[in-house]
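Let's work through a few exercises together, one step at a time. Please keep the structure open beside you as you read.

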Amino acid sequence: MRYLTAGESHGPALTAILDGIPSNLPVSVEEIDHQLWRRQQGFGRGGRMKIETDRVDVQSGIRFGRTMGTPIALLIHNKDWRNWSEKMAIEGNAPDSVVEITKPRPGHADLAGALKYNQEDIRNILERASARNTATMVACGAVARQLLHRFGIDVYSHVVELGPIKVDRLDGTIPEIAERAERSEVRVADPEAEAQIIEAITAAKEAGDTLGGIFEIIVTGVPVGLGSYAMPDRKLDGRLAQALMSIQAIKGVEIGMGFDAARHPGSLVHDEINHRDDRYHRPTNRAGGIEGGVTNGQPIIVRAAMKPIPTLYKPLESVDMRTKESYRATIERSDVCAVPAAAVVGEAMVAWTLAQAFLEKFGGDSVEEIQDNLDAYLKRVNER
Ligand SMILES: Cc1cc2nc3c(=O)[nH]c(=O)nc-3n(C[C@H](O)[C@H](O)[C@H](O)COP(=O)(O)O)c2cc1C
Ligand SMILES: C=C(O[C@@H]1CC(C(=O)O)=C[C@@H](OP(=O)(O)O)[C@H]1O)C(=O)O
């Protein structure tokens, strides 16, 4: 199972091709659109989200609501394209009205990208570096999560820190916490923290500044045995970290106790094992559901840290690449905070990675074949 994406932020459309999705999987386009909608939410986003209403346009691979086992091609049209068709024209020379961008923003891909690809106009960098592409990542993840759901695996998220504010009062089951986060403007399950976070984002905006944060992804219903310790590139923890770090502005990933494990002795870090009611049982889940790069049957818990958005209304110092003179740029529009949106992208990337590992273990060409493989494996595991 693999995917490729293409598309510029202000080009006509974004494209994704998904290969290796088994046949006979019911896929709801409405559900893909719902995930795209979720990615566009969250207090602190800029003017672009008022322009776009992301919807998927399915080009292939699905017939009468079911996959055929053939590549699925998805298009997401950029509504903003109509305002950029001159600046983003595919043919001809740049008209005089198009002003080249030569002032790189600290924290964005601008400077490194312009030097690497030998580009005078930074637009040729930012168009693809932009997190606009996370829409295609969410569309791919939306198919993966429908596959996982078919086999009883569900992916949730909530924001646990935003700038200086920590969410530390949480009661309830995983679906209850996720449900409360779902109704929140900033994807937090605690209303008190939500109010403080909205205030902090508003203050950052007024100060011309931006904020980052940390979100947590939880996956339930995961069978023991996805991933492997046998080769470094098959370790599921490493693969999840890569998938999450591939999201724009994600700078750290931790699984289970994560960095905090390093601050405690082993007796307070590892999850004891006992056996009762004919089942192995773990009284705690500090490992976050993965030991040795393999799922251990507990829920997966993974967190990702997002840095603050690089484009600042009160910009940092930089240098014009044409004149080499210092400047402080003015900007037209940007997000102030996109942590809630990044959490939805995180869900998608985790879903995709898990669906890949799931098919490696139980793979078959149709969902029925996969179900047979899963049933036989679970029977054997439950007899041990
Ligand atoms: C959902 C989302 C929205 C983002 N919105 C913006 C934005 O409006 N302005 C901006 O400068 N960066 C934004 N970013 C972050 C940049 O895309 C990112 O920092 C940049 O591509 C450089 O990559 P890096 O931070 O991974 O090094 C956003 C990131 C995400 C995940
Ligand atoms: C377009 C999206 O996010 C964009 C990500 C982004 C960036 O630099 O990463 C910059 C902004 O784009 P624009 O310059 O067009 O306002 C965000 O709006 C999106 O999430 O769909």
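**Exercise 1: two paired strands**

In what sense do S3 and strand S6 pair, and over how many bridges?

Solution. Before starting, note that this is a predicted model, in which local features need pLDDT of at least 70 and side-chain atom pairs count only at pLDDT 80 or more, while totals for chains, interfaces and linings use all residues. Residues are numbered from 1 along each chain as its sequence is written, chains are lettered from A and ligands numbered from 1 in the order in which they are written, and side-chain values use heavy atoms, leaving out hydrogens and water.

Step 1. Helices (H or I, at least four residues) and strands (E, at least two) are DSSP runs, numbered from the N terminus. Two strands pair if DSSP finds at least two bridges between them.

Step 2. S3 and S6 (residues 72–77) pair in the antiparallel sense, with four bridges. On this pairing, Asp-57 stands opposite Leu-75 in S6.

Step 3. Next, look at H1: this helix packs on the sheet and touches S3 and S6, where touching, or contact, means heavy atoms within 4.5 Å. The direction of H1 makes about 135° with that of S3. Axes are lines fitted to C-alpha atoms, for helices over the stretch in contact, and angles run from 0 to 180 degrees between N-to-C directions.

**Exercise 2: the whole sheet**

Write down the order of the strands in the open sheet, and explain why one side of S1 and of S3 is left without a neighbour there.

Solution. Step 1. The sheet has four strands in the order S1-S2-S6-S3, with antiparallel pairing.

Step 2. Strand S1 (2–6) and strand S3 (56–60) stand at the edges with a single partner strand each, so one side of each has no neighbour in the sheet.

Step 3. From one strand to the next, the twist averages 20°.

**Exercise 3: two annotated arginines**

Find the residues covered by the UniProt annotation "binding site", and describe their surroundings.

Solution. Step 1. According to the unreviewed UniProt entry, the annotation covers Arg-39 and Arg-45. UniProt positions are given in the numbering used here, feature names are shortened, and annotations may be inferred rather than shown by experiment.

Step 2. Arg-39 belongs to helix H1 (residues 29–40), whereas Arg-45 is in the loop between H1 and helix H2 (48–51).

Step 3. Is Arg-39 buried or exposed? Buried means under 20% relative accessible area, exposed over 50%, partly exposed in between (1.4 Å probe, protein chains only). Arg-39 has a relative accessible area of 2%, so this residue is buried.

Step 4. The side chain of Arg-45 reaches the backbone oxygen of Arg-39 at 3.3 Å. This is a polar contact: a pair of N or O atoms within 3.5 Å; within protein, one must be able to donate a hydrogen and the other to accept it, and residues adjacent in sequence count only if both atoms are side-chain atoms.

**Exercise 4: around the ligands**

Which residues are around ligand 2, and which come nearest to ligand 1?

Solution. Step 1. A residue is near a molecule if one of its heavy atoms lies within 4 Å of it. Around ligand 2, the residues include His-10, Arg-39, Arg-45, Ala-131 and Arg-132.

Step 2. An oxygen atom of ligand 2 is 2.9 Å from an N or O atom in the side chain of Arg-45. For Arg-132, a side-chain N or O atom is 2.7 Å from an oxygen atom of the ligand, and for Ala-131 a backbone N or O atom lies 2.7 Å from a ligand oxygen.

Step 3. Turn to ligand 1: of the 19 residues around it, Ala-249, Lys-307, Thr-311, Ser-334 and Asp-335 come nearest. A polar side-chain atom of Thr-311 lies 2.4 Å from an oxygen atom of ligand 1, and one of Asp-335 lies 2.7 Å from a nitrogen atom of ligand 1.

**Exercise 5: a residue in H9**

Decide whether Glu-347 is buried or exposed, then find its polar partner.

Solution. Step 1. Glu-347 lies in helix H9 (residues 339–362). Its relative accessibility is 0%, so Glu-347 counts as buried.

Step 2. The side chain of Glu-347 makes a polar contact with the side chain of Arg-38, at 2.9 Å.
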